[in-house]
Structure formats: structure tokens, C-alpha cells
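Biologist: Could you take a close look at one part of this model for me, and then walk me outward to what surrounds it? I'd like one connected story rather than a list.

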Amino acid sequence: MSGVTFDGVTKRFGDVVAVDQLSLQIHDGEFMVLLGPSGCGKSTALRMVAGLEEVTSGILTIGERVVNHVPPRERDIAMVFQSYALYPHMTVAKNIESPLVANKAARVDAARRAERVREAAAILGLTEYLDRKPGELSGGQRQRVALARAIVRHPEVFLMDEPLSNLDAKLRTQTRLELVELHRRLGTTIIYVTHDQVEAMTMADRIAVLADGRLQQVGEPQAVYERPANLFVASFIGSPPMNTIAGTLSLGPGAATVATAVGAVEVADPGTGVDGAPVVVGVRPEHLDLAPVASAGADGAAGLEGTVENVELLGHERHVVCRVGESLMTLRHPNDHPAGAVGERVRLVADPKGVHLFDARTTERLN
Amino acid sequence: MSSAPAATEPAADPAGTTLAVPPAARAERLRRRLREGGLAYLFLLPSLVVFAVFFYYPLYRLVWFATHQQSRFRNRPATYVGTEQLTETLSGNDFFDGLVHSGLFMVYTVPLGIVLGVLLAVAAHRRLRGIKIFQTIFSSTVASSVAVASVVFTTLVNPEMGYFRDVSWLSLRSGDSALFAVSLSSVWQNLGLTFIVVLAALQTVPDELTEAATIDGYGPVRRFFRITVPLISPALLFLAIVLVVHALQAYAQIEILTGGGPGGATETLLFKIADPRGVRSLGERASLSLGLFVLTAVVAGFQYSMLSKRVHYGD
């Protein structure tokens with residue numbers, strides 16, 4: 001087992017910078033998720049670890065070894081692809097065995113090979129399918145074969161490039177749990193690329209959020225969710241996404257508030273925000289509540305004026321979508337919570353402790 | 001390969017229900033079946049007509065000619081000789097020589113053609129600037145006719161002024177090298193087709209498979225033979241069959257390059273059948289044709305059974 005370190009790693013394709021000065025340390029045995037929208041450079045970063053892409057500049061280390069110019073087969077890594085990339089002309093057993101046969105230098109004798117194939121197949125519940133061809137398997141089973149092919153070589157690092165995105169929703173949830181279990185069992189470092197924040201939140205030890213080839217934030221899932229480092233991370237992580245609205249910060253004697261075009265938002269901790277600064281307020285759907293609109297002027301309380309536009313029932317909870325000025329804001333409530341009726345004028349009140357404050361110019365977090 | 005269950009087949013009626021059907025309904029059902037059957041034959045008719053006109057009738061005439069001896073005098077009818085003419089021709093030296101020449105032509109053109117086509121396609125299957133230009137050049141022989149290509153080749157090996165005039169194994173004047181030289185010209189003429197087919201097949205191999213193989217630890221050569229070749233094997237089978245057919249049917253290039261010479265060294269079976277100098281009787285040529293027909297059928301059957309075991313068709 002080994003950690004992986006990116007030290008100022010950059011990858012350029014012609015004039016396009018896919019990964020820009022990435023510095024990231026992935027610890028030995030860690031489940032690290034690289035998360036970001038498509039085209040953010042996460043797959044390129046993974047492919048550089050695999051050796052499928054050359055590093056343009058910077059230093060990439062696996063364990064103690066700088067691998068910038070080490071060919072893939074000498075890196076002792078295994079990779080699971082989105083399409084599984086199984087060899088269609090080989091049986092499941094041959095597919096799983098392939099890494100043990102392919103590398104002449106690290107070749108294992110036939111008896112040991114058969115044993116390791118059996119072992120990997122058993123871990124992933126594939127024993128009865130060993131003689132089948134990939135074409136005769138379901139998507140979930142193919143996915144397992146790809147995983148078995150990865151674990152059979154006992155690699156230093158697992159690389160996974162959106163391995164669940166070709167599965168249906170139910171199977172994806174199930175496989176997510178199995179991957180976490182597999183990681184717990186093997187303890188091998190996993191670098192996992194996805195654009196799905198649910199996968200990132202549920203599986204990762206730490207998440208690295210990327211956008212436009214740059215690292216935005218690294219941290220434990222809960223920390224990234226609770227204290228997003230900038231506006232991008234704030235709006236990318238969380239479903240429904242964080243509500244944002246621009247305004248001006250005013251640090252009054254009693255409490256800090258942000259004045260927006262459609263009302264005021266109270267902030268418990270303005271952090272490094274200065275009086276009169278243009279800011280963007282972010283509030284998670286679960287930190288917004290509805291209040292009667294009549295009380296707004298009466299006691300001078302904070303709140304955003306809006307109209308209920310839609311109520312989505314999800315069984316265990318309810319999303320109330322309100323039009324506030326130009327934009328839409330979403331509230332998330334338990335089912336028994338009183339919801340507004342569609343078309344009703346309402347006041348949206350944010351929990352001051354749940355208000356995130358971002359610099360309007362740099363988009364960096366202020367509190 | 002997964003085979004879909006025959007879903008359209010109607011379930012057999014249990015005996016009871018069939019008996020219960022009133023006669024009127026049964027007649028209606030029969031009418032419907034006849035109508036559908038008639039429609040099916042109507043749809044089949046065009047291809048049946050084509051087969052009958054261009055295949056079954058000529059085959060029948062071929063057998064007729066092979067079993068009849070033509071009179072030297074035009075107005076005298078041909079006489080029926082049974083299999084006598086056929087066995088005599090097919091056991092003679094003429095047929096044997098043609099068989100050897102056709103066989104050699106096949107051996108020279110098919111493996112070399114496939115190997116060269118694969119090499120070219122692999123070389124051109126990369127994302128490089130200007131690669132389309134090379135791909136166009138490599139596939140250009142598809143667009144040139146056999147006659148034009150043969151004339152170009154004749155010029156190249158012309159003993160007085162040809163670029164390859166000193167290359168003895170390309171000489172069309174020597175009985176030892178002529179067949180090989182003609183074969184080489186055919187390999188070159190078929191190269192465009194082979195190149196295009198293999199390149200298209202290579203482009204269907206997903207990048208991720210090659211990458212997975214790279215990470216598994218296959219070197220480029222083993223990766224090619226263990227992963228790529230099995231995946232393009234349907235295209236290779238197709239090419240093997242097409243090139244064998246091309247080899248057995250080669251005529252124009254032989255006629256243009258050597259006219260069957262020197263000393264009959266490039267007379268393949270088909271060339272003897274076409275018999276441009278008119279040295280064989282119609283009955284002999286028909287017999288040779290039947291021989292070639294059987295040979296082609298045997299080769300195709302052999303190829304299909306041998307290669308289809310090793311060919312992988314998708315999933």
C-alpha cells in the first residue's frame with residue numbers, strides 16, 4: 001500500500017490546461033474521491049496516476065517513488081473503467097487472471113494464479129460465473145468482474161474512473177456500500193473519480209473538489225458540506241443545491257445582516273467580512289424556513305420576500321420552491337412541517353447560524 | 001452471443017381448442033395462411049429470379065456442357081458422354097497445373113495481403129495531424145481498376161525501362177517468378193480494401209480496452225495479439241474469404257501482365273476456363289468450371305469452420 005502525492009502537477013493538451021498546478025496528498029489506505037463537473041480535470045488527474053497521460057510539469061509520487069516517467073505496468077496500480085473495459089473474447093476467469101499473466105516480469109505460476117483468481121472471484125461473488133463471457137453477464141456482474149480484475153493483483157493503489165455511472169440507481173446504491181466494504185477489507189488506497197456528489201459524500205474518507213483543472217477544496221465530506229471553501233464548492237455540493245443571493249454586508253451593533261434587493265438575511269458570524277462589502281449569501285435548503293409575510297414590517301425581522309412556486313413531495317421530506325426576486329430558492333422540510341400553498345406570498349427566514357458568507361468578487365468564503 | 005428466444009412462434013393449440021374451432025373459422029384461418037405464404041413467396045421472388053437466371057440456370061448449362069461432347073462441326077448436335085469427359089479433364093495435367101497455380105496464387109496473395117493490410121492499418125490508426133492524407137493514399141488502390149493497376153505494374157517491372165527491371169523475382173518473363181510477380185501485383189491491388197476494412201475494425205476497438213490491457217501489463221506486441229486481433233477477428237475472417245475468392249477469380253491482371261505465360265506458368269484454373277486463346281473445347285472448360293466450383297465450395301467451407309471457431313463476434 002502507498003499514498004499518492006501530486007506536487008504542482010500540471011497537464012496541458014496543446015493550449016488547453018486540463019489540470020493546473022494540482023497539489024494534493026492522498027494518504028496510504030485512504031479512500032479519496034476526486035469530485036467535479038465534467039471537464040474539470042479529475043479524470044485526467046487519475047489517468048496521470050495510471051500512466052495513461054504524461055505529466056506536463058510537476059512531480060507525481062506513488063509511495064516513495066516519483067512516477068512521472070514510469071510506464072503503467074511498473075506502477076503497481078489497478079484501474080476500473082466506467083465501461084468496465086472487460087475483454088469480450090475471454091471468460092470471466094481469464095479476464096480476472098489477465099493482470100497476473102500480462103506482466104511478464106511479475107508473472108505468477110499457474111497454481112498461485114488460479115488460487116488468486118478464485119479468491120478474488122469469491123470476494124466479489126463471481127465464483128459461479130467464472131466460465132462465462134462478459135457478454136453473458138448483467139451490468140452489475142460485469143462491474144464486479146472489473147473490480148475482481150483490479151483486486152487480483154494486490155496493487156498499491158486502486159484507480160476508479162466513474163465505475164458506477166453505467167449502473168441503474170438501485171444497483172448503484174448497493175455497489176456503493178460494497179465498495180466501502182471492500183475498501184475496509186483490503187485497506188488499499190483508492191482514488192475514485194466521480195461527478196456524483198452522493199457517491200463522494202457516502203464513500204470518501206476525503207473529497208477533493210476540482211473545477212477548471214484547479215483544486216477547490218480538500219476535506220472530509222461533512223466538513224466540505226458544512227464549510228465550503230468558496231461559492232463553487234458551495235453550489236456544487238448538496239442536493240438540492242445551496243441557495244445564493246447577492247447583497248451588501250452591514251455590521252450593526254446587535255447583529256450582522258446582509259441587505260439584498262428582496263429583504264435582509266441575518267448572519268450569526270460575519271467572519272472576516274467588512275462593513276459595506278458586496279457579498280454573496282448562501283443558505284442550505286434545510287436552513288430556510290417559511291414565516292407569514294404580514295409579520296415582516298411589524299417587528300422589523302429579517303426575511304426574504306417571495307412566492308411559493310412549487311411543492312415537491314419526496315415521501316420522507318418536502319422541497320418547497322419559492323420565487324425570490326429573480327431567482328428560485330428551495331427549502332427542505334420534514335413532511336410534517338407546515339408548507340405554503342402554491343402561489344402564496346411568503347417570507348423566507350434563514351437560520352443565522354446556517355448562513356454562509358462569500359466575497360462577491362473572489363467568491364472565497366468569509367465566515 | 002446471446003440468442004433471442006423465438007417469440008413470434010405461436011404456441012401449439014391444445015387439441016381441444018382446435019377441435020372446437022367451427023369449420024368456417026378454420027377455412028378463414030387456412031385462407032389467411034395461404035395469403036401470408038403467398039406474400040412471403042412474392043417477397044422472395046426477386047432474389048429467386050436473380051438466382052435462377054444468374055446461378056441455377058448457368059449451373060445447369062455447365063453440367064450439361066460437361067456431360068456433352070461438342071462436335072467440331074457447328075451444325076451437328078453435341079453427344080452425351082456422361083461423366084467421361086468430366087473425369088478425363090479433372091484427372092488430366094491441365095487441371096492439375098491450374099489447380100497448383102491457383103493454389104499458389106492463393107497462398108501468395110491471401111496471407112501476405114492480410115498481413116500488409118493490418119500493418120498499414122495499424123500504422124495509420126493513430127491520432128496524428130495529417131493522418132487522413134496517409135489513410136487516403138493507403139486506400140487509393142480501391143479506386144483504381146485492375147486494368148489500370150496492372151498497366152502501372154507492367155511499367156514498373158518493364159525489363160528495359162522499369163524501375164524494378166533488375167529485381168529478378170519480380171520478372172514477368174521468367175517461369176519461376178512470373179506467378180509470384182502477378183500475385184504481388186494482386187496483393188498491391190487488394191491492399192486498399194484490406195487496409196480500409198482493418199482500419200475500420202481497429203476503430204471499433206474501444207480505447208479503454210487498450211488502456212486496460214496496458215495497465216494490466218501487456219506490452220504493445222502482446223497487447224496487439226492477445227486483445228486487438230481477437231477483437232478484429234470478424235473483419236479478418238471476412239478478408240480471408242474475400243481475398244480467397246479474389247485469388248480464385250483473378251483473371252484480368254493475368255491476362256494483362258502475362259497472358260498466362262511464360263509457358264503457361266501463370267495459367268490459373270479460371271484463366272484456363274476463360275481460355276482466351278481458345279485451345280480447349282467447351283466441354284473441357286465446363287468440366288474445369290465444375291472442378292473450380294467444387295474447389296471453391298470446399299475452401300469456403302473449410303475456412304468457415306476453421307476460422308469461425310476462433311472468431312469472436314461482439315457480445
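**Helix 2 of chain B**

Modeller: Sure, let's start with helix 2 of chain B, keeping in mind that this is a predicted model. The helix covers residues 23–66 and counts 44 residues, yet its end C-alpha atoms sit only 55 Å apart. A straight helix, at 1.5 Å a residue, would reach 64 Å, and this one falls short of that. Where does the kink in helix 2 of chain B sit? It is centred on Ala52(B), and the angle is about 45°.

Now for the surroundings of that helix. Just two of the 44 residues of helix 2 of chain B are buried, so the helix lies largely in the open. A residue needs 20 or more other C-beta atoms within 10 Å of its own to count as buried.

Zooming out, chain B is split into domain 1, residues 15–66, and domain 2, residues 94–310. If you take the C-alpha centres of the two domains of chain B, they are 41 Å apart.

For a view inside chain B, try Leu239(B), which belongs to helix 9 of that chain, residues 220–248. Leu239(B) is buried, with 23 other C-beta atoms within 10 Å. Leaving out residues up to four places away in sequence, Leu239(B) touches Ile114(B), Thr194(B) and Val197(B). As for Ala200(B), it is 39 residues from Leu239(B) in sequence, and the C-alpha to C-alpha distance between the two is 12 Å.

Then there's the partner, chain A. It has nine helices and 20 strands, and its C-alpha atoms fill a box of roughly 85 × 45 × 35 Å along the principal axes. Of the 367 residues in chain A, 44% are buried. Look at the contacts in chain A between residues at least 6 apart in sequence, and 66% of them join residues at least 24 apart.

Finally, how do the two chains meet? The contact draws 22 residues from chain A and 18 residues from chain B. On the side of chain A that touches chain B, the elements giving two or more residues are strand 6 (77–80) and helix 2 (92–102) of chain A. That helix 2 is the one in chain A, so don't mix it up with the kinked helix 2 of chain B. By residue type, the side of chain A that touches chain B breaks down into 14 nonpolar, five polar and three charged residues.

Technical notes: Residues numbered from 1 in each chain as written. Chains lettered and ligands numbered in written order. Predicted model: local features only at pLDDT ≥ 70, side-chain atom pairs only at ≥ 80, totals over all residues. Contact = placed C-beta atoms within 7 Å. Helix = DSSP H or I, 4+ residues; strand = E, 2+ residues; numbered from the N terminus. Nonpolar A, V, L, I, M, F, W, Y, C, P; charged D, E, K, R; others polar. Domains from an automatic or database assignment. Expected span 1.5 Å × (residues − 1). Bend = angle between axes of the 7 residues up to and from the residue. Buried ≥ 20, exposed ≤ 12 C-beta atoms within 10 Å, placed from the backbone.
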